[in-house]
Structures are given as C-alpha cells and as structure tokens.
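Here are some short exercises to work through with the model open. Try each one yourself before reading the solution.

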Amino acid sequence: MWNGNSKLRPSPPVLKPNQMSWHPQYRSSKFRHVYGKPASKENCYDSVPITRSVHDNHFCAVNPHFIAVVTECAGGGAFLVIPLHQTGKLDPHYPKVCGHRGNVLDIKWNPFNDFEIASCSEDATIKIWNIPKQLLTRNLTTYRKELMGHARRVGLVEWHPTTANILFSAGYDYKVMVWNLDTKDSVIAGPVRTISCHQDVILSMSFNTNGSLLATTCKDRKIRIVDPRLGIVLQEANYKGHRANKVLFLGSLNKLLSTGTSRWNNRQMALWDQENLSVPLTEEDLDGSSGVLFPFFDSDTSMLYIVGKGDGNIRYYEVSTEKPHLTYLTEYRSYNPQKGIGIMPKRGLDVSSCEIFRFYKLITTKSLIEPVSMIVPRRSESYQEDIYPPTAAAQPSLMAHEWLSGMNRGPIMMSLRPGSELDSQTLPPERPLSNSMVQVPPQPLEPMTHPAEDGDQASFPLLEEKVSKWTTERQLAEKSCLTNGFDVFECPPPKTENELLQMFYRQQEEIRRLRELLIQREVQTKQLELEIKNLRMVLGQF
C-alpha cells in the first residue's frame, strides 16, 4: 500500500530514435519451425541386410527412382537397388548388384542419369552399372564400365556436379583420380588426371557449385582446396585446434564447413573462409561422442544438417554470411541409431507437403531403412514459392571434353513447381535442351481486323503472352504422365495387400493433384475470356 513517505519509482528512460534498445534482437526466419517427420512403418524398408562394414561412409544413395544400399554378400561385395515405391518387407532372396571381388565401400548415383550408379570396392576398382527400368529378377553381374588405376582399395567416389561423364575416386594409395567415362571402352585402364598432393588416406571430397574447386580432408587432419584439373593445392589448413574428418562446400557462400574433433576429443564443427584457411571463422563443440559427423548442406534454403554415425538425432542450423554465421534451429530426436544415411535430391521431394529435405536412415539394429522428412509447417496446400527457389536440374551444363579443356559453368536450374520446365535463362547458349524436355513454341493470336489506336495495340502482346503460356502449360499437363520423373504406367502390378494400398494412395494423391490443376485451368480460362471481352468492348468504341 502506498504512503506519503514512499519514493516514487523513476520512469524508464525514453530512447531516442538513434539509440539501441536493450531488448534482444530475434532473427526472423521461415525455417525456425522446421520439424522432422519419420515415415510410418508401412512406408519404411524392412528386413534389409545392411552392411556391417566399419568404413565411415554413407552406404546409401537415393534418387527419385531408386534407393541403393550396401549389403552383405559372401565371396565379394554387393549392393541392393530397390525401387523407391517398393516399401515394406524385403524379400530375403531379392536380387543384388554384385561383381566386385571385395567389399563395396561407396556408391553414388549419376546426378544426370537416374539409372546409372558408380561403386568402388576393396578390390581397387570402380564399376559403372546400368540399372534396368524393370524390376530386377536375378542378380545383376554385368557392369557397363570398369575403371582400373588405383594400387589399393578405393574408399570414395564422387560425380562432378555440372559435367557429364566425369567421375572422381579416392583410394588408399593417397591418390585422387579423375576419370572420363565418355569413351566406348568397357575397361578404362587409367585416369585422365591424377592428384597426388595428399600424404595419407583421403577421408572426404566436396565440390563447389560449378565444380572448379575440390575440397578434401585427409588422415593427417588437414583441409585442402585443390584445383581438380591441375592437381595444385590452392589453400591448406594447418590449424591445430581442429582435426577435420569431413568437409563440405557451402554452396555460393564462399565458405567451407568441416566436422571432426577438438583438442579434447569433443565432436566439433568449424566454419572456414574459402579464401583463408589459417583460422576458422567459428568453432562449435557438440558433444563427447565418438561417431563421425556427416554434414549436409541445402544451398536452396541455406540450411545445414549434421548427422552423427551411431546417433539417433539430426541437428540442423541456418547458415548466413553475417555473424553469427551458424544459427542453431533445433534437432530431430530418435532412439534408433543410424549406421549410414542417404539423402533425396531436391527434385524428388514432395512439395505438396512442404518437404524441404529427406533423409534415409540405415538402422542396422532393426535391419530397417527409415525415411525422415524435414517439413516447413504451412497451412496452405498450394505451392510455396518462397521455400522452393530454383534448384539444380538433372541435366549437365558441360560435356567432359569442355570441362577438361578449362571451361567452368554453373548448374542448370529448374523449378520444383509441378508441371514446370527448366529455367531457360541458365541454359548454355550452345547446348540444346535434351529430348526429354517438352518444348512448345508460342502460339500467337491471329491479328484482329478492327482498327485500334496505338494505346490499344499495347494490350495485344500481353494477351498473346498469356494465351501462349496457358497453351504451353496445357500441353505439358497433357503429357504429364510422370510423377516426379517416374512413369506411373511402368509400375509393376501389386503383389501384396500392402503394395495394393500403396498404389491406391498414390492414385488418390494423383487425382487430388489433377483436380487442383483443373481448377487452376478453369480460373485461367475465365480470366482470358474476361480480358478478350473487355478488349472487344474497347475496340468496339472505335
């Protein structure tokens, strides 16, 4: 209760417009509430004999058609290639892709051909396989090409991000080899380039956006940025406070991220300036576990995902060019530890559910592959343009001989909007579109015979452009028998009740999508009719 002797509390000072408030500044982000959604049991891949190898690799590769996983095989190395829609329990006699004489250590899908995959093995060879569109009925033992050049086992393979038929491999002979697959020979006895600047086993490789730089980590715990054509070391990190294990280029941010251990053996990640590797921009200790940390970066959303081998959780951050460079968002938690991990390319995501990333966790304790979708919570079911900027398409921007001669070019971009085409502005001028893309010439309107003034003639190009765009979209919709690039009519008939339910749900989803498309077309038709009517009324006055 107030009395006369009490002193009045002074009022807070009024801040002038140029003074800074003491309140903390919260950074707004559309990805603050991203959450991980694991797939239901029927949408997982069960009874998969995942490899027991202790090699620190992903052991899994995914594209919009297939999921490939390294498996156990007596008398050599093998991996499984499972159609993406074939979820549920795997047949114990499911056919394998086998042909290596030693254990398979790494597999990677060709980013420009969803039916071609590269594998490397302890037998010191790399093999290129063509996967048939039909389901495998027996073991696939016939490879398309065999690459021989390493003296010891090959631990890593990596496709060039923008050039067709260029493959990189790293072996335990401390060499990185560059292979040109654009030949008719089924056996390639030597690489076109050999990078011999490493003093120990190479642990990871990563390309920048246009593939002109290669970053590597080595068992000597150094990070190197190498010119992949000349084999010259451009930058080298000798920082003793961080022992790097994996390294990753962060898109077009001109930065590198490495994961490894600190001086006190804590798991740690470090962010580096691409032009100066003397001292990291920032370091962050995560925990005291011993599993390797696999980093993944989504250049479209600038989100960084950290996946620990032997962990069940997935941490994710937002990366920016300004301080603090790394902003922690949250983490996906699970009790099921992953031995390996695969990621789906952006063109294979479900944009109708606002999915921005998808992992495939290899859970050896349950012989299970579990998809985990990263989703931005949105109420609207329409296409969200702001979280799906143009992304890299499945089309090369350079041929092998062009890249080897010194040319660099960024990736060809595409929109994730259903029914959209490639971004024609990013296409190289001398490179025509592939036959798989539908090109529809514009259909101009016939000129009207009514006289009009100059101001009215300006309305014709706009109307013609809208009609041409509508005609193009209509022809694309008529040809869109593909769902995320997969022909729904080539799906095998369901054999079990689970597969029948899966096909039923897919058909329901396709019907819903076509209904939305039909509604959009009706709205566009009414708009065009209204514009034509208004234009005729204007022209009728003259």
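**Exercise 1.** How much accessible surface does the chain have, and what percentage of it belongs to carbon and sulfur atoms?

*Solution.* Before we start: this is a predicted model, where local features need pLDDT of at least 70, side-chain atom pairs count only at pLDDT 80 or more, and totals for chains, interfaces and linings use all residues. Residues are numbered from 1 along each chain as its sequence is written, and side-chain values use heavy atoms, with hydrogens and water left out. Now run Shrake-Rupley with a 1.4 Å probe. The chain comes out at about 28,600 Å², and carbon and sulfur atoms hold 52% of that.

**Exercise 2.** Work out the burial of the chain, then of strand β23.

*Solution.* Take buried as under 20% relative accessible area (1.4 Å probe, protein chains only). Step one: of the 542 residues in the chain, 48% are buried. Step two: go to β23, residues 267–273, where strands are DSSP E runs of at least two residues, numbered from the N terminus. Six of its seven residues are buried, so β23 is mostly covered.

**Exercise 3.** Find the pairing partners of β23.

*Solution.* Strands pair if DSSP finds at least two bridges between them.

- β22 (residues 255–262) runs antiparallel to β23, with seven bridges; Gly 260 sits opposite Gln 268 in β23.
- The β22–β23 hairpin has four residues between the strands, and Asn 265 takes a positive phi near 60 degrees there.
- β24 (residues 282–287) also pairs antiparallel with β23, over five bridges; Ala 270 has Glu 283 in β24 as its bridge partner.

Terms used: Buried < 20%, exposed > 50% of the residue type's maximum accessible area, 1.4 Å probe, protein only.
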